[in-house]
Amino acid sequence: MTARPSFTELVDWVEGRLVPERADAVTAYVDTADPETADAVEWIRDFHHHARSMPLEQPPAELSARLRSVFTGLHEPQRDDDWSEASLLYDTRLGMAAAGVRSADDDGVHLAFDSELGRFVLDAVPAGSGEVDVQGMVALADSERSGIDLAFLERGTLRRAAHATADGRFDVRGVPTGVDELWLSSGGTRVRAVLDLRST
């Protein structure tokens, strides 16, 4: 039986970005889809229909250049010795003791790390087939830092990117559970952490 496609896969399928073999499998699944999958496909197609009807305004050149730089940096990351590794302090699945951190939740995972940027925590809560919503916060060691870029990667491929708010909070929706690495960067400081977002 074909595995139920994730929402991200359905988006890629509608946009024609899946490899042929996987596209055929998703097509077969959608042809006999359960109500939730059918609703998701309808929503994606409806979104594209309305998006095409909206006028697009050209962003300022400076903003475009900044966005291209961030995108290129995330998609062509440099795996060199300039990265420091974050240390896992707490994982609800392992029952590790840590003062001041809430206990395990049956429908999600809570992780805490220590890093060169400071300590950071995140909660991953199931959000659908093969996806989780991730919320967290980075407590910076250096209050002078202006902000933090985050990249969630799956086997080296960028799956989601975000920028933490001024107080260090981040909220990323629909992160594939296959994501196995989180990169954080701020100025010249770059930190990476091994991730396992599965709830069990």
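## What counts as exposed

A residue is called exposed when its relative accessible area is over 50%, buried when that area is under 20%, and partly exposed in between. With 51%, Trp43 therefore lands in the exposed class. Keep in mind that we're looking at a predicted model here.

## The chain at a glance

The chain has four helices and 10 strands. Walk along the sequence and the pattern reads α-α-α-α-β-β-β-β-β-β-β-β-β-β, with the helices written ahead of the strands.

Of the 200 residues in the chain, 36% are buried. About 12200 Å² of surface is exposed, and carbon and sulfur atoms supply 52% of that. As for how the chain folds back on itself, take the contacts between residues at least 6 apart in sequence: 53% of them join residues at least 24 apart.

## An aromatic trio

There are four aromatic pairs in the model. One of them is Phe7 with Trp43: the ring centres sit 6.0 Å apart and the planes meet at 55°, so this pair goes down as tilted. The pair ties together distant parts of the chain, since Phe7 belongs to helix 1 (residues 7–14) and Trp43 to helix 3 (residues 35–53), 36 residues apart. Phe7 is partly exposed, at 34% relative accessibility.

Trp43 has another ring partner, Phe47. Their centres are 5.5 Å apart and their planes are at 15°, which is under the 30 degrees needed to call a pair stacked, so stacked it is. Why do these two line up along helix 3? Trp43 and Phe47 are four residues apart in that helix, so about one helical turn separates them. In an α-helix there are 3.6 residues a turn, so residues three or four places apart point the same way. Phe47 is partly exposed, with a relative accessible area of 47%. Put the pieces together and Phe7, Trp43 and Phe47 make one aromatic cluster.

## Helix 1 across helix 2

How do helix 1 and helix 2 pack? Their axes are 10 Å apart and cross at an angle of about 105°. An angle from 65 to 115 degrees counts as roughly perpendicular, so that is the label for helix 1 against helix 2.

On the helix 1 side, the contact is made by Glu9, Leu10 and Trp13. Helix 2 (residues 20–31) brings Arg22, Ala23, Val26, Thr27 and Val30. Sorted by character, the residues of this contact are five nonpolar, one polar and two charged.

## The buried side of helix 1

Which residues of helix 1 are buried? They are Thr8, Leu10, Val11, Asp12 and Trp13. Leu10 and Trp13 also take part in the contact with helix 2. The cover over the buried residues of helix 1 includes helix 2 and helix 3, along with strand 5 (131–140), strand 7 (157–163) and strand 8 (169–176).

Thr8 is a good one to click on. This helix 1 residue has a relative accessible area of 9%, so it falls in the buried class. Setting aside neighbours within four places in sequence, Thr8 is in contact with Glu131, Arg159, Arg160, Gly174 and Pro176. Place those on the strands and you find Glu131 in strand 5, Arg159 and Arg160 in strand 7, and Gly174 and Pro176 in strand 8.

## Leaving the helix

Just after helix 1 comes Gly16, which has a positive phi of about 70°.

Notes. Residues numbered from 1 in each chain as written. Predicted model: local features only at pLDDT ≥ 70, side-chain atom pairs only at ≥ 80, totals over all residues. Heavy atoms only, no water. Phe/Tyr/Trp six-rings, centres within 6.5 Å; stacked < 30°, edge-to-face > 60°. Buried < 20%, exposed > 50% of the residue type's maximum accessible area, 1.4 Å probe, protein only. Contact = heavy atoms within 4.5 Å. Axes fitted to C-alpha atoms, helices over the stretch in contact; angles between N-to-C directions. Parallel < 35°, antiparallel > 145°, perpendicular 65-115°, else oblique. Nonpolar A, V, L, I, M, F, W, Y, C, P; charged D, E, K, R; others polar. Areas by Shrake-Rupley, 256 points an atom, 1.4 Å probe, with all protein chains shown as cover.
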